[in-house]
Amino acid sequence: MSEIEVDHLVIGAGFAGLCAAIKLDESGERDFVVVEKDSDVGGTWHINTYPGAECDVPSQLYSYSFALNPDWSKVYSPQQEIWEYTKRVAERAGVLDRFVLGTAVDDAHWDAGRQRWLVNTSAVGSGARTTYAARTVIAGSGGLSEPSLPDIEGIESFAGATFHSARWNHDVDLTGKRVAVIGTGASAIQLVPEVAKVAGRLDVYQRTPNWIIPRNERHFSTLEKTLFRHVPGVQRAVRAGVYAMLEARVPAFTRFPRAMAAVEAQVKRNIAQGISDPELRAKVTPTYRAGCKRILVSNKWYPALDRDNVELITDGIARVTPTGIVTADGTEREVDVLVIATGFHVTDPPIAQHLTGREGRTLADVWAKTGMRAYKGTTIHGFPNLFQLVGPNTALGHSSMIFIIESQVRYVVDAVTTMRRQEWATVEPTLAAQEQWSAAVQRRMRRTVWTTGGCASWYLDQFGHNTTLWPGQTFTFRRRLARFDPEQYDVTALSSVSDDKGTPTAKEAVSA
Ligand code: N01
């Protein structure tokens, strides 16, 4: 197995990994590789190709601040456009020569003697293995990358086609078929209206209804796009307006959940407009406070449920048989295709099983005991020189994750350039710093709608703590991460032990 020394190894080529690569490069930190198991850049926007996949954050904000796109076709961009945008940004930035696509990170462990992460990778398909010895690892593998499959009796016995929303099988023609969709979250509400148009019959299995607000759906006019492209400041002003509008909603989530009553009234109007049957209206009306689970955005979901070929089933699923689904009341509905839209492993990210820190324990082991914890959502005690993008308590339910990613990447780049300047080999947050940060975040959770709203959600971990979301405005997060703060870290100087084994640099190896 070959070994390559690099300064930085980035895991994942989605929005987070790509941002890290671009900003490392701009800062002069050019000796890095980005290892991505998928065959292209784009992360979730390359992988999620289910029909109807679109962003539910307005396009003007769902882009990098350093790469505005005047050509978005619509207020909410479709998946293909966002994926093409990430490709374009990567090409223009000139960083693709250091991307190792189609290669999975098998495991990574901290080698204290060499003061490096040893990262074992294997090429998808050929299985060819390469080890990278990296000073830092920047994990951008995403919180929504590993499908969570439901533990339903008999599901593996189903004889028809079955696939997860995030692994859509385009070879299966749904025209005229009997299709079942399990789950009614953000992915399901986008794909169900599209599948309903072609399926013979569509059974939608709902465990809990969501609050779904209407969306301002429209295409940008040629005049708007011309202004965005040619008149300085126009697009930035629109973006700032969208940002301010979304941030204005934060207090209702974090401090005044009762204000969500206004959202609930708006959703009820949306339901009344979309659904004629009172019984069906009752089934889709949630009984918990809006915002407790992610508020969804759609004009198509309720009308889709109202179609004659669609049935919303709210009896729990008892088991799956080779030919269909049996609900708790004993009814069996036969289906040809089973679509699993049950979300992702969020509070137990699989990448954590593959990272072994200073004390020989995996991050998954550490987090199994404490829940996910990281200093500023980014660095982790016991895991020197590891930077986690979209780490604990950095996700958002109200705005664009790209703002958070850029904030974290600034912090990481400041950290690695400080390390180089100060000739530090390692930085690791103190346990006290990490604990204080986590405790402060959890204190802020107490009044939030995610804690008080009366729902079970994937934001919460096995201890009932919300270790997923940032409980505040995004500009507060950015301010807290404005500069790397070595006073909260244990640092070690570059060791006298040379680890330069004359192995090729990242750029030489990738282009070889
Ligand atoms: O997943 P989800 P998703 N039996 O976890 C149900 C992002 N996203 O893929 O609510 C039966 O939201 C579960 O029911 P319940 C976005 O951040 C963004 O839809 O737990 N049902 C729920 O209905 C989003 O939040 C966009 O009771 C089971 C559904 O499955 C995140 O991805 C678009 C079950 C899972 O919903 C995840 O969305 C799409 C079981 N055993 C997604 N287990 C954008 O537009 C789970 N469910 C940016």
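Asn69 is buried in this predicted model, with a relative accessible area of 5%. This value counts as buried because the cut-off is under 20%. Asn69 sits in the loop that runs between α2 (44-47) and α3 (79-93). The side chain of Asn69 reaches back to the main chain of the loop: the backbone nitrogen of Asp71 is 2.9 Å away. Beyond the residues up to four places away in sequence, Asn69 touches Tyr85, Arg88 and Gln235.

Helix α2 holds a second buried polar residue, His46. The relative accessible area of His46 is 16%. The side chain of His46 pairs with that of Asp38 in a polar contact of 2.5 Å. Asp38 is also among the residues that His46 touches once those up to four places away in sequence are set aside. The others are Ser39, Asp40, Val41, Gln79 and Trp83.

Ser298 was examined next. Ser298 occupies the loop between β11 (296-297) and α10 (301-305). Ser298 is buried, at a relative accessible area of 6%. Two backbone nitrogens are within reach of the Ser298 side chain. That of Lys300 is at 2.9 Å, and that of Trp301 is at 3.0 Å. Leaving aside neighbours within four places in sequence, Ser298 is in contact with Ile189, Ile212, Ile213, Pro214, Arg215 and Asn270. The C-alpha atoms of Ser298 and Tyr50 are 16 Å apart in space, while the two residues are 248 residues apart in sequence.

At the level of the whole chain, the domain assignment gives two segments for each domain. Domain 1 comprises 2-146 + 345-511, and domain 2 comprises 155-218 + 255-340. Their C-alpha centres lie 32 Å apart. Contact between the domains involves 27 residues of domain 1 and 26 residues of domain 2.

The ligand draws on both domains. Each of domain 1 and domain 2 supplies at least three residues to the shell around the ligand. There are 22 residues around the ligand. Glu54, Asp56, Ser187, Thr208 and Lys293 come nearest. By class, the shell has nine nonpolar, eight polar and five charged residues. Helix α4 (residues 186-198) gives the largest share, three residues.

Polar atoms of the protein approach oxygen atoms of the ligand at several points. An N or O atom in the side chain of Thr208 is 2.4 Å from a ligand oxygen. At Asp56 the partner is a polar backbone atom, and the distance to a ligand oxygen is 2.8 Å. The side chain of Gln190 places an N or O atom 3.4 Å from an oxygen atom of the ligand. Taken alone, the ligand exposes 910 Å². The protein buries 84% of that area.

In summary, Asn69, His46 and Ser298 are each buried. The side chains of Asn69 and Ser298 reach backbone nitrogens, whereas the side chain of His46 meets the side chain of Asp38. The ligand shell takes residues from both domain 1 and domain 2.

Technical notes: Residues are numbered from 1 along each chain as its sequence is written. This is a predicted model: local features need pLDDT of at least 70, side-chain atom pairs count only at pLDDT 80 or more; totals for chains, interfaces and linings use all residues. Side-chain values use heavy atoms; hydrogens and water are left out. A residue is near a molecule or strand if one of its heavy atoms lies within 4 Å of it. A polar contact is a pair of N or O atoms within 3.5 Å; within protein, one must be able to donate a hydrogen and the other to accept it, and residues adjacent in sequence count only if both atoms are side-chain atoms. Accessible areas come from the Shrake-Rupley method with a 1.4 Å probe; for residues, only the protein chains shown count as cover. Helices (H or I, at least four residues) and strands (E, at least two) are DSSP runs, numbered from the N terminus. Ala, Val, Leu, Ile, Met, Phe, Trp, Tyr, Cys and Pro count as nonpolar, Asp, Glu, Lys and Arg as charged, and the others, Gly among them, as polar. Domain bounds come from an automatic or database domain assignment. Buried means under 20% relative accessible area, exposed over 50%, partly exposed in between (1.4 Å probe, protein chains only). Contact means heavy atoms within 4.5 Å.
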